[in-house]
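Thanks for making time this morning; I would like to walk you through the interior of this protein, its cavities and its cores. Please have the sequence and the structure open as I talk.

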Amino acid sequence: MSTDPTPVPPPRTVQAVDLLSRLRGGLAGVALPLGIDGAAEAARMRDAAVTQLDDYVLPRYRSLDAPLLAVVGGSTGAGKSTLVNALVGHAVTRAGAIRPTTRQPILLHHPEDVDWFTTARVLPNLSRTTGHRSVPGTTVPAERAGVDPDPEATESLVLVTEPALSAGLALLDAPDIDSIADENRRLAGQLLSAADLWIFVTTANRYADAVPWELLLDAAARDITVAVVLDRVPAGVEDEVATDLRGLLERQGLGSAGLFVVTESALDAQGMLPAGAVRPLREWLESIAGDAGSRAEVARRTLHGVVRQLAEKTSVLAAAEDDQRHAAARLAGDVDSAYEQALAGVLASTQDGTLLRGEVLSRWQDFIGTGEFFRSLESGIGRLRDRVTSFFRGRPAPPEEVETAIETGLHAVLVEQTAAASEESAQRWRQDAAGRALITGQDVAALPADFSDRAAAEIRSWQGDLISLIEQEGAGKRTMARVAALGVNGVAVTLMIVSFAATGGLLGIEVGIAGGTAVVAQKLLESIFGEDAVRRLAQRSQENLVDRITGLLQSDARRFTALLEGIRDPEETDQLRSLVPDLRRLAGREA
């Protein structure tokens, strides 16, 4: 008669499951997209913690009275399958000389415990298949003894009903922990993390190997109940080898681990060890399985150890997310600095008279008729107003030529400065391990193909905005008449010149020319709008230009900063970190 695997849990268990479910969600969301030091290891820690919560911790808290799962693990060729066969008294798992032998894990359970393992209560991500054991007493060649699972089906459990096992304890024969197959090693680690109890199988020749000890040290950190089986020990040296291994276990915090020695001996025709070779281990397992209190103590101890370990891992992962944000801030700061420098360079060219060099200055002189306008200025501002209309009827060049020259000059500066910012950002990222990983294989230093067109469009939009400003400012009849006399485009061009008319950065004769240009443009606008209005128009013109240039640069900078997306907000990390005290309290009390 099977046991009901879904009793109503006590309130304290419900609280524990709620806490661990929130932990699971928080850990699954840990984002580590930047390849900084420790990120890869932290990502493996995150994935392993989430898997362990799914495979073992949450199922065990939801079913505290479920049978214990003892996972048999060890190095290649240590004799795990042979040991499992000996524990049940007949061939049930396949042993052989071809390595790795165990690929698809085999889970042996008592018939009364079938309901606990046929569902996805434990190891929910592994599918279930049913295996068939050999019938005791029949003659089966050794090379064909036991279940022969699908060697490719590493994502499923073979469930085998085994009456020889005690109810309340299941055995799981895991793949080799040092298998040449990556998938086997991964699966072995996953199964060991889902164990209530570990049975480590090693040999007299390999018990000091590094890989098993990595897992044994993890067992010590988890405080899990461990049985170490020293297999294939030559007769006559059992005590010597066992004493040395016991010393190693004690020095590594595993002094409480059970140590069982299996003397090297020949196998019979069915590939079985002699009767009695594993009797001490079998009796130890039966003593645990046969006592509900012992089973509960093993489960409780393992759960507490795992939760304590999860608390520490949570702290480590929260710190890893902090490191990600710091790295992202550093990379974003590199980009911000480069593009802020570009903005400063563009604005400097619009404020120090640089744009009044060359073609812009020449087209402005053609448009304004420098000599006659200077003579007009000498007659005074009042008389200048009266002569605006008559003068511009005979101007030698239309304002569109000045406008085009300004657009061309400003466009060249904008593209040059942005290209420099892009190259500088890429260079800084290439010098940073996190940034280098993000841009490898990408030509982020080069400007997008459409940047030049977008820059030109922004400049034209700015010029169009100036016309709208002038039309708004010249809404009055008298002012509109003056604007109409010069033409809206002519007034707009003059406002552009005022925006660029400071003389810093010009040399020699250019200073005088630009200075005269500034005076001409300023006085002309004042003759139309008045001094206060010109000051206001110039300020709004400059602010509009700064906004447009800033937006264009920020848009290009996003080619870099978009690569930093995926970093979690600090509030989410803080929420994850806030679970640590509760986890420590949970690990310190009875389940």
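The second largest cavity has a volume of about 70 Å³, and I should say at once that we are looking at a predicted model. Its lining is made up of F200, V201, T202, Y207, P212, W213, L216, V228, L245 and L249, which by class come to 9 nonpolar residues, 1 polar and no charged. Strand β6 (197–203) and the helices α6 (210–222) and α7 (238–251) each supply at least two residues of that lining.

Altogether there are 5 cavities of 30 Å³ or more, and the largest has a volume of about 110 Å³. What lines the largest cavity? Around it sit L87, A164, L165, S166, L169, L171, R282, L285, E286 and A289, divided into 7 nonpolar, 1 polar and 2 charged. Both β5 (169–173) and α8 (279–289) supply at least two of these residues, with α8 giving the most, at 4 residues.

Turning to the cores, the largest nonpolar core has 71 residues, and those with the most contacts inside it are L20, L23, V57, Y61, L172 and V226. Helix α2 (residues 39–62) gives the most to this core, contributing 10 residues. If we take L172 as an example and leave aside residues up to four places away in sequence, it touches L69, A70, V71, V72, P105, I106, L107, L123, L157 and L191. Apart from the largest core lies another, of 56 residues, including I406, L438, F451 and A521.

Key: Residues numbered from 1 in each chain as written. Predicted model: local features only at pLDDT ≥ 70, side-chain atom pairs only at ≥ 80, totals over all residues. Heavy atoms only, no water. Core = buried A, V, L, I, M, F, W, Y, C linked by side-chain atoms within 4.5 Å. Buried < 20%, exposed > 50% of the residue type's maximum accessible area, 1.4 Å probe, protein only. Contact = heavy atoms within 4.5 Å. 1 Å grid on protein atoms, 1.4 Å probe; cavity = no way out; pocket = protein on both sides within 12 Å on 5 of 7 lines; lining within 4 Å. Points joined across faces, edges and corners; volume = space filled by probe spheres on them. Nonpolar A, V, L, I, M, F, W, Y, C, P; charged D, E, K, R; others polar.
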